[in-house]
Amino acid sequence: MADKQEPQDSAGQVSEAQIAVHWREEEYIYPPESFVQQANAADPAILERFTEDKFPDCFKEYADLLTWDAPWHTTLDTSNAPFWKWFVGGKLNASYNCVDRHAEASPGKTAIIFVPELESDEHVEISYSDLLRRVNEFAAVLRDNLGLKAGDRVTLHMPMVPELPVTMLACARLGVIHSQVFGGFSGAACGHRIADSSSRILITMDGYYRAGKLSDHKVKADEAVAVASQEGQEVGKVLVWRRHPGQYASATPMAEGRDVFVDELLGGHRGKTVAPVSMPAEAPLFLMYTSGTTGRPKGCEHSTGGYLAYVAGTSKYYQDIHPGDVYWCMADIGWITGHSYIVYGPLALGTTTVIYEGVPNYPDGGRPWRIAGKLGVNIFHTSPTAIRMLRKVGPEEPRKYDYHFKSMTTVGEPIEPEVWRWYHAEVGKGEAAITDTWWQTENGGFLGSTLPGLQPMKPGSCGPGVLGVYPVIYDEDGNEVPTGKAGNICIRNPWPGTFQTVWGDPERYLDTYYRKYNTNPDSKDWHDWPYFCNDGALQAADGYYRILGRVDDVINVAGHRLGTKEIESAALTVPEVAEAAAVPVIDDIRGRVVEVYVSLKPGLEPGKALEGKVSTAIDNEIGKIARPKNVWIVPDMPKTRSGKIMRRVIASISNFADVGDVTTLANPEIVNTIRQHVQSSKVASDDVPRELTEAEFEEIKKFGGE
Ligand code: WTA
């Protein structure tokens with residue numbers, strides 16, 4: 001990392017100042033009085049309770065939302081800094097907290113509403129007592145048929161169906177660490193994660209509905225098992241849930257002795273109960289893999305007590321979830337947003353959470369609003385990409401439906417003020433408070449947001465640090481940058497939702513997040529360990545942050561983090577490819593999309609077939625989500641004299657932006673050749689991007705460092 005920071009910084013100084021200059025301040029927008037009246041955080045005294053002098057004990061307020069089997073004796077243990085331990089000595093069970101205690105208090109209350117993608121299929125309501133029964137029965141399968149026990153890892157590769165939270169909660173009941181891989185990821189991507197977490201069990205589903213079709217999902221399990229085995233991890237059993245129990249939806253055969261249908265196993269456990277295992281607060285609850293600078297995804301390890309307390313607290317105060325609400329987060333449970341804000345946060349609070357199987361615009365752009373109207377959803381949570389897409393396919397659609405949101409969330413990428421305003425005026429009908437929540441897989445829960453009843457909204461800014469989270473913006477040397485200037489946003493203190501380590505790789509945890517701004521590696525004082533978020537940001541005079549995006553080699557496609565290195569190594573699995581470089585292209589719907597440049601081994605000819613091969617390799621290695629918009633086969637890559645590929649030059653070409661000074665390259669003449677090839681093809685296929693904003697231009701100009 002160090003070698004690339006220097007030049008990036010010197011190039012960055014001017015540009016960051018320019019961003020600040022060109023950033024227009026937006027006006028505050030206030031929620032209606034009716035919202036404020038009922039808000040969980042309506043009394044400004046809450047802000048006082050979380051000031052820095054009250055840290056870390058302030059987080060007792062979050063932990064008190066849970067039921068503990070044994071109380072903690074130490075709120076924050078920093079003795080092995082920066083491997084933080086929260087609520088040490090405390091014991092609890094996450095499944096008990098999300099299910100049993102609500103099933104005892106109000107058994108008939110709906111926990112989950114499942115909305116199948118096909119509109120002709122009725123939605124399914126699962127009460128807390130139904131959920132308790134299902135979680136118990138499946139926990140019995142895990143324990144009695146598979147011999148799983150606390151601390152074991154299990155990989156899940158499941159779609160958006162209620163069987164997914166049932167599986168997660170059954171694992172949690174036993175203290176088994178679940179690692180759910182996004183269902184849209186390929187079998188190979190799942191296999192790498194199985195191997196990294198050394199799971200001997202894979203839990204999947206035969207198929208699911210997406211854009212109107214029942215897809216074959218089980219086929220990916222066979223590939224996942226094969227890839228894991230190549231990496232030295234054998235999977236002994238594959239549990240296959242059936243989308244329609246009793247009817248197998250996949251063309252892939254069940255492997256004898258290895259694959260089992262869950263509905264058949266469940267038959268032997270009807271009505272069984274499994275006592276929730278009382279886990280130390282510090283026991284890992286789950287792993288969630290995410291992309292970073294290097295090719296290998298990182299398994300972020302999240303704790304039981306700190307994590308659950310944090311998602312319960314932030315769900316309560318930021319999403320304003322009350323037990324009587326019907327809450328719908330349209331993210332996928334396969335991402336951290338779904339773990340925290342579809343499953344664990346809302347269920348810990350005993351509310352009703354909606355799970356929708358399919359794509360938001362199936363069969364048309366009115367679908368989300370019909371679902372909201374029919375189910376009485378009053379809290380809505382989605383991403384800027386979904387908002388942009390719904391705005392495009394049906395700008396007038398929300399008006400046609402009689403639903404009312406009191407609060408709405410956006411997450412995952414920066415939201416343009418224009419898009420924000422449509423969300424507010426049309427989707428929220430001007431009645432809903434919006435929280436723009438900034439955070440990351442590593443964090444467990446929100447880092448930056450407004451408290452909806454107490455702090456006004458500002459389009460395009462997430463807001464200040466959330467309760468008990470104290471951000472700071474540093475330059476490359478660790479000096480605080482002045483207001484209005486961009487730099488690297490860090491969090492000065494640990495918070496209960498933060499991950500505990502990178503699974504199996506504590507060095508990577510230290511390197512990626514903590515070494516950059518730590519000056520004393522022996523320090524046991526949290527003040528010496530700022531957490532480096534790997535995001536650029538600037539702070540306005542009012543303390544609100546505007547997040548500018550990743551400063552590492554991550555491309556945020558539709559709110560999903562894709563590592564350039566992962567995409568490039570997938571392209572390099574094609575035998576003809578000599579070199580590969582992935583770059584972001586500005587996209588009006590998905591925020592960014594990926595384009596891949598490849599050069600071929602000597603003597604090979606470019607052609608459509610090879611481009612297709614590269615795309616397919618990326619589909620197979622990662623998943624369709626990473627599929628490049630274009631694959632450009634070029635005679636050579638623009639390189640520095642030391643041989644480094646200049647990603648910013650090709651990123652500029654892809655975006656029709658000025659490439660800047662290229663005279664110092666080893667092969668400056670190649671730039672024009674590439675530009676002509678790429679830009680003339682784009683012009684011919686009517687694929688010329690709109691003019692970039694200042695901030696976008698700066699991002700492209702800096703992409704990849706140097
Ligand atoms: C970006 C998703 C601007 C950011 C919860 C971060 C955002 C990365 C926002 C994490 C937001 C997330 N405004 N940018 N409200 N929320 N990001 O790990 O660059 O999938 O580092 O977690 O998304 O993505 P991840």
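1. In which sense do strand β7 (residues 177-180) and β14 pair, and over how many bridges? In this predicted model, the two strands pair in the parallel sense over two bridges, where strands are DSSP runs of E of at least two residues, numbered from the N terminus, and pairing requires that DSSP find at least two bridges. The bridge partner of S179 in β14 is L287.

2. On the numbering and limits of the model, residues are counted from 1 along each chain as its sequence is written. Local features need pLDDT of at least 70, side-chain atom pairs count only at pLDDT 80 or more, and totals for chains, interfaces and linings use all residues, while side-chain values use heavy atoms and leave out hydrogens and water.

3. β14 also pairs with strand β15 (residues 298-303), in the antiparallel sense over six bridges, and T290 stands opposite K298 in β15. Six of the seven residues of β14 (residues 284-290) are buried, so this strand is largely enclosed by the rest of the structure; buried here means under 20% relative accessible area, with a 1.4 Å probe and protein chains only.

4. Elsewhere, an open sheet of four strands, with antiparallel pairing, follows the order β21-β22-β24-β25. Because β21 (471-474) and β25 (545-550) stand at the edges, each with a single partner strand, one side of each is left without a neighbour in the sheet. Six bridges join β22 (residues 486-491) to β24 (residues 531-539), and among the bridge partners is D535 in β24, which faces I489.

5. Leaving aside neighbours within four places in sequence, F59 is in contact (heavy atoms within 4.5 Å) with residues including F50, W86, Y310 and W495.

Notes. Buried < 20%, exposed > 50% of the residue type's maximum accessible area, 1.4 Å probe, protein only.
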